Amino acid sequence: MTQTAIDNLAHEDRIFEPPADLAAHANVKADEYERAAADRLGFWAEKAQLLTWETPFTEVLDWSDPPFAKWFVGGRLNVAYNCVDRHVENGLGDKVAFHFVGEPGDTRDLTYAQLKDEVSKAANALTELGVRAGDRVAIYLPMIPEAVIAMLACARLGAPHTVVFGGFSSDALASRVEDCSAKVVITADGGYRRGAPSALKPAVDAALEKLGDASPVEHVVVVRRTGQDTAIVEGRDRWWDDVVDTASPEHTPEAFDSEHPLYVMYTSGTTGKPKGILHTTGGYLTQCAYTFQAVFDHKRDTDVYWCTADIGWVTGHSYIVYGPTAMAATQVLYEGTPDTPHKGRWWEIIADKGVTLFYTAPTAIRTFMKWGREIPAKYDLSSLRILGSVGEPINPEAYVWYRTHIGGDRTPVVDTWWQTETGAHMMSPLPGVTAAKPGSAMAALPGIAVDVVDDTGKSVANGEGGYLVITEPWPSMLRTIWGDDERYKDTYWARFPGVYFAGDGAKRDEDGAIWILGRVDDVMNVSGHRLSTSEIESALVSHPAVAEAAVVGATDETTGQAVVAFVILRESAGEGGDDLVAELRSHVAKEIGPIAKPRQIMVVPDLPKTRSGKIMRRLLRDVAENREVGDATTLADSSVMDLITAGLRKPSSGE
Ligand code: PRX
């Protein structure tokens, strides 16, 4: 039997106890759960003291107008001061904030003192360009230090940022810039991906051209990263070098109300239009800081932390830019892909920088499993002491492989469940406290109240499944959907009145541990990234050859789920062939971004619909996953599925 086969045996029954030395010195001990349960608000008031407040708050939570929460009422603080300046004042100016590693191999260490200067200069430059507290700034950058600097500069000015993932298309950028009326866009000429410079600025130009006279953008600031030829629009566009590098490093941070907007992060929902999730200041930073030091057991003087998420996702916000810097962490920031220039790049960086805390996604772990354990085995990974997982359910095989082959069978794995909307970790084992089961996020963190309920909202018993809900407000909760309070109420607070519905299914096992089963709505999770079925369907039907489209998420060995599309062509498009399918896949990538590209597109004569016209995705999922098609009796026309499956014996699919 191979080692992998042995590893894979029966891990669902395995339980990993916290290592004794870690438990003895853990930041958070078992009693924290009880203390938090006995006085939840008192507990969060205590955790808020991890921050420095210019004006203390007078009330912990105002929940008089649910679901609109106000945390740490009356308190005032500056986020950038908390993440940067105060560390310099406390004598940590020479501590490295970021070990930046560029994909081509260039490196740059940035100390907290240098970060303070850079953030101050950027804040002065943005002020010079007319940015004031409350104005929105869009950030569309690769994983370079300027991304962190730009975000912290916005926070310093009280100008909410909206970071758009660099892999999103110009259309996706345009809709986000428009939705939040961004006054300034910060971008770069390009970044390095897969061994080559990849341009970014042309997408900004295309987005602003698309918005035309309606564009709210007054200026575009361009970081020079790759040096590639870049068109500059006179008057509108400014080089970062010209405006930031020449600005003064002196800047006095102003304190803002605890509920001042910090950022808007767009995420996919069940409709075609992405939702702008609004996070605010005091509660958000409190929970990011607390969970960072609780879940990763962060020790300021010895740990080196690396989160591989892109800054364009919420994980990059809460667990690169805000939580870790609030706790004065030393981090690695890596620009590129894990296989450039070789498949051991990440492990090489861990060995080189002595990374102790490592945070990545199951999809990456499954990719490394495919590449083989010989690759990480070539590197000294003995500095690692805690591994984290985020973004999707981690299958027990991947969990055990991660712990064994990356963590040397020593390191706890913290499986952190949370969402763009929750802002920070909500469920996770605590590495010094919780005996962890591979594949389970275990339990709510101290101060957080979750439940698994049935259709009627009643708690399920151990051993049963249901819907995951959050039953009490929490500090880093979203405050609303940007510009759409009604959608906020309907999406999260209407399914089970009075509690937050996360959109995930979950199971409580015989011991009461919680297992996340994945989304129960029309949201897919591809490589830990959220995509909505209807967003991709709208992209498909915007192509002239497509009459109708239905999209489902099918199980995929590497990416968790993969996008599979069924399309009905217009008569004018003929039968469709491989060329058209390839064109449709590229069309989706152009409309949304390469991550949304369907793995497979099937041309079908009809779609399965109920009598009320709702597409029965369950049946399409059966087809996409090569299963026998389930009960189709509620279809308006029950022969449709026969037609689809018959036609697919000769499938046209993508690569
Ligand atoms: O389905 C859950 C899954 O990712 C969703 C949230 O996606 P997003 O807002 O993009 O945030 C990702 C990073 C926090 C959730 O509704 N999810 C996230 N973490 C886990 C998870 N599913 C299972 N286990 C997790 N640890």
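**Ligand shell**

I started with the shell around the ligand and sorted its residues: five are nonpolar, six polar and five charged. I am working from a predicted model. Which residues come nearest to the ligand? Of the 16 around it, Asp-415, Thr-416, Thr-420, Asp-504 and Arg-519 do.

Next I looked up polar contacts. Thr-420 puts a polar side-chain atom 2.5 Å from a ligand oxygen. Arg-530 also uses a polar side-chain atom, at 2.8 Å from an oxygen atom of the ligand. For Glu-392 I noted a backbone contact instead: a polar backbone atom lies 3.4 Å from a nitrogen of the ligand.

How much of the ligand does the protein bury? I found 96% of the 540 Å² that the ligand exposes when taken alone. I then checked which elements give two or more residues to the shell. They are strand S20, residues 413-416, and strand S25, residues 514-519.

**Helix H6**

I moved on to helix H6, which runs over residues 112-128. I counted 17 residues in H6. From first C-alpha to last, H6 reaches 24 Å, close to the 24 Å expected at 1.5 Å a residue.

I listed the buried residues of H6. Among them are the nonpolar residues Tyr-112, Leu-115, Val-119 and Leu-126. The charged residues Glu-118 and Lys-121 are on the buried list too. So is Ser-120, along with Ala-122, Ala-123 and Ala-125.

I also looked just past the end of H6. There Gly-130 takes a positive phi of about 100 degrees.

**Cysteines**

How many disulfides does the structure hold? I found zero.

Why is Cys-83 not bonded to Cys-288? Cys-288 has the closest cysteine sulfur, but it is 8.9 Å from that of Cys-83, so the pair is too far apart for a bond. The cut-off for a disulfide is 2.5 Å between sulfur atoms.

Cys-180 is in no disulfide either. Its nearest cysteine sulfur belongs to Cys-154, 11 Å away.

Are these two cysteines buried or exposed? Cys-83 counts as buried because its relative accessibility is 0%. Cys-180 counts as buried because its relative accessibility is 0%.

**Trp-44**

Last, I looked up Trp-44. I located Trp-44 in helix H4, residues 40-47. Trp-44 has a relative accessible area of 0%, so I logged it as buried.

I then took the distance from Trp-44 to Lys-609. The two are 565 residues apart in sequence. In space, their C-alpha atoms are 48 Å apart.

Key
Residues are numbered from 1 along each chain as its sequence is written. This is a predicted model: local features need pLDDT of at least 70, side-chain atom pairs count only at pLDDT 80 or more; totals for chains, interfaces and linings use all residues. Side-chain values use heavy atoms; hydrogens and water are left out. A residue is near a molecule or strand if one of its heavy atoms lies within 4 Å of it. A polar contact is a pair of N or O atoms within 3.5 Å; within protein, one must be able to donate a hydrogen and the other to accept it, and residues adjacent in sequence count only if both atoms are side-chain atoms. Accessible areas come from the Shrake-Rupley method with a 1.4 Å probe; for residues, only the protein chains shown count as cover. Helices (H or I, at least four residues) and strands (E, at least two) are DSSP runs, numbered from the N terminus. The expected span of a helix is 1.5 Å times one less than its number of residues. Buried means under 20% relative accessible area, exposed over 50%, partly exposed in between (1.4 Å probe, protein chains only).
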